[in-house]
Amino acid sequence: MKKIIVLLLTAIMSLSSCEKDDICDANTPTTPRLIIEFYDISNPSVLKNVTNLKVIGEGMTEGIIFNPNSTDESQYLTNGNKIAIPLKTDGDTTSYNFILNSGNPNPILTDTDKVTFNYSRADVFVSRACGFKTLFKFNGNNAIEHTAVPATRPKWMQYISVEKSNIDNENETHIKVFF
Amino acid sequence: MKHTLKYFFSIGLLMSLSFVQAQDTIPKTNTPEKNKTEGVIPEAPKKAVTKTATTAKTDTVVPVKKDRYGLRVGVDLYKLTRGLWDSNYKGIELVGDYRLTKNYYAAAELGSEDKTTEDDRLNTTTKGTYIKVGFDYNAYENWLDMENIISLGLRAGFSTFNQELNSYRIYNPHPYWGEMPWITSGETFNGLTAGWIEVVAGVKVKVFNNVFVGFSVRLNTLVYDKKPSEDFENLYIPGFNRTYAGNFGAGFNYTVTYFVPLYKKTVKPKEEKKKK
């Protein structure tokens, strides 16, 4: 009985030292990004890599960093077939310029398309450490507005398909772009 | 037995030291001379006790002693004073116990709390009342007319409260569009309840006459709680304190109590126990 008390006391003393456990685990699903995959327009079931794609949010000066290991301009460029871009959590529209062949010395080869995503938001509680996350839902009638920049140029994206209208996690593809 | 006794006295002395310090803050109305003498008292009898322990064993002379039975009521000083320095907290806890047998005490705590919790991404206010009912087992063998207690006990706790989400922040691991500011909510969740079990380890020392000071530490296990909504959870429960993952909690109190003696019982001599 007496030993139990001593054990309990020491246990409690040691427990009091580890109160601060409020670090949000990086693996916790929080605010998801928009997942876009690129497909070949001539063979729609086949993924197609983009060449030096740079994505800049409207009103921003710097693009989304796709290669965190690089330090120069190449950190903003991707040559893959899948990207993840963050949507605004304080507004219901987010616009991005998608610049293909970015940095090409011949400006005729550089194509820019502007895509505006329209959605509604819901703030959902995650945990004490992580706070809340924002989930998105594309508007039913005008989820996407797509223009070329400048408008006289042809759009390099030939077709944009909304695969998932609910953006709840990053495990699924929400948008497919055919070019 | 000797070893455990030694262990016990050392803990008792350690605890009494903290009480001696604490006493200075309590009886400020007394003259400084009185304070000094009272401050030394709890240590002095213990030294004498260790001597009598050895003499009692060799001589096997058991003094006739009477145990006092009665009701002890008081207040948790920590909760009461915390509001003075913590603007996010208001609370009070009344404590009481009633001596049932030589070693068993029926014990209860009754309290009310109003606490605002500021986390990194959440700001919530919890208001409510709670009651804890259970027992304490006094594992301390008192000598002569000492009435100190080193106890281990159990409580069943129940709380009814409400929780208000004052403001929150969105967690965004990819802050391309910049860090988002706090969002004001003000959503209130009423009619929340929770129940839990507490293991209590405590000490009570008689400082003078019928006045005791006590300290207890508690480990809580949440048995059930009514969640604010499907997505939200109770971040603080009055009486239970902050919730942790795995329904675990911890707490303590620091009490001053007054003992109301009701009747006396003669302590049976120890020899009877030995025969059994």
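In the predicted model, chain B contains a barrel closed by eight strands in the order β1-β2-β3-β4-β5-β6-β7-β10, with antiparallel pairing. Neighbouring strands of this sheet are turned against each other by 25 degrees on average, direction ignored. Helix α4 (residues 77-85) of chain B packs on the sheet, where it touches β1 (66-76), β2 (89-99), β3 (104-118) and β10 of chain B. The direction of α4 makes about 165 degrees with that of β2(B). One of the pairings in the barrel is that of strand β7 (residues 211-225) of chain B with strand β10 (residues 248-266) of chain B, which are antiparallel and joined by 11 bridges. Within this pairing, S216(B) has N253(B) in β10(B) as its bridge partner.

In total, the secondary structure of chain B amounts to five helices and 10 strands. Chain B has 276 residues, of which 27% count as buried. Of the contacts in chain B between residues at least 6 apart in sequence, 64% link residues at least 24 apart.

One position in the barrel strands can be described in more detail. L192(B) is located in strand β6 (residues 183-208) of chain B. With 19 other C-beta atoms within 10 Å, L192(B) is partly exposed, because a buried residue needs 20 or more. Leaving out residues up to four places away in sequence, L192(B) touches F161(B), N162(B), Q163(B), K226(B), P228(B) and N234(B). Of these, Q163(B) is 29 residues from L192(B) in sequence, while the C-alpha atoms of the two are 7.8 Å apart in space.

Chain A has one helix and 12 strands, and along the sequence the helix precedes the strands, in the pattern α-β-β-β-β-β-β-β-β-β-β-β-β. Of its 179 residues, 26% count as buried. Among contacts in chain A with a separation of 6 or more, 59% are between residues 24 or more positions apart.

Strand β8 (residues 131-138) of chain A has six of its eight residues buried, so the strand is largely enclosed by the rest of the structure. Strand β7 (residues 111-127) of chain A runs antiparallel to β8(A), and eight bridges join the two. These strands form a hairpin, with three residues between them. In this pair, R121(A) stands opposite F136(A) of β8(A). β8(A) is also joined by two bridges to strand β11 (residues 166-167) of chain A, again in antiparallel fashion. Here K137(A) stands opposite N166(A) of β11(A).

The largest nonpolar core consists of 24 residues, and those with the most contacts inside it are L34(A), I36(A), L53(A), V55(A), I85(A) and F98(A). At least two residues of this core are supplied by each of β1 (34-40), β3 (53-57), β5 (82-85), β6 (93-100), β7, β8 and β12 (175-178) of chain A. The largest share, four residues, is that of β1(A). F98(A), apart from its neighbours within four places in sequence, is in contact with L53(A), V55(A), D113(A) and V115(A). A second, separate core has nine residues, including I149(B), V203(B), V205(B) and F259(B).

Notes: Residues numbered from 1 in each chain as written. Chains lettered and ligands numbered in written order. Predicted model: local features only at pLDDT ≥ 70, side-chain atom pairs only at ≥ 80, totals over all residues. Buried ≥ 20, exposed ≤ 12 C-beta atoms within 10 Å, placed from the backbone. Contact = placed C-beta atoms within 7 Å. Pairing = 2+ DSSP bridges. Axes fitted to C-alpha atoms, helices over the stretch in contact; angles between N-to-C directions. Core = buried A, V, L, I, M, F, W, Y, C linked by C-beta atoms within 7 Å.
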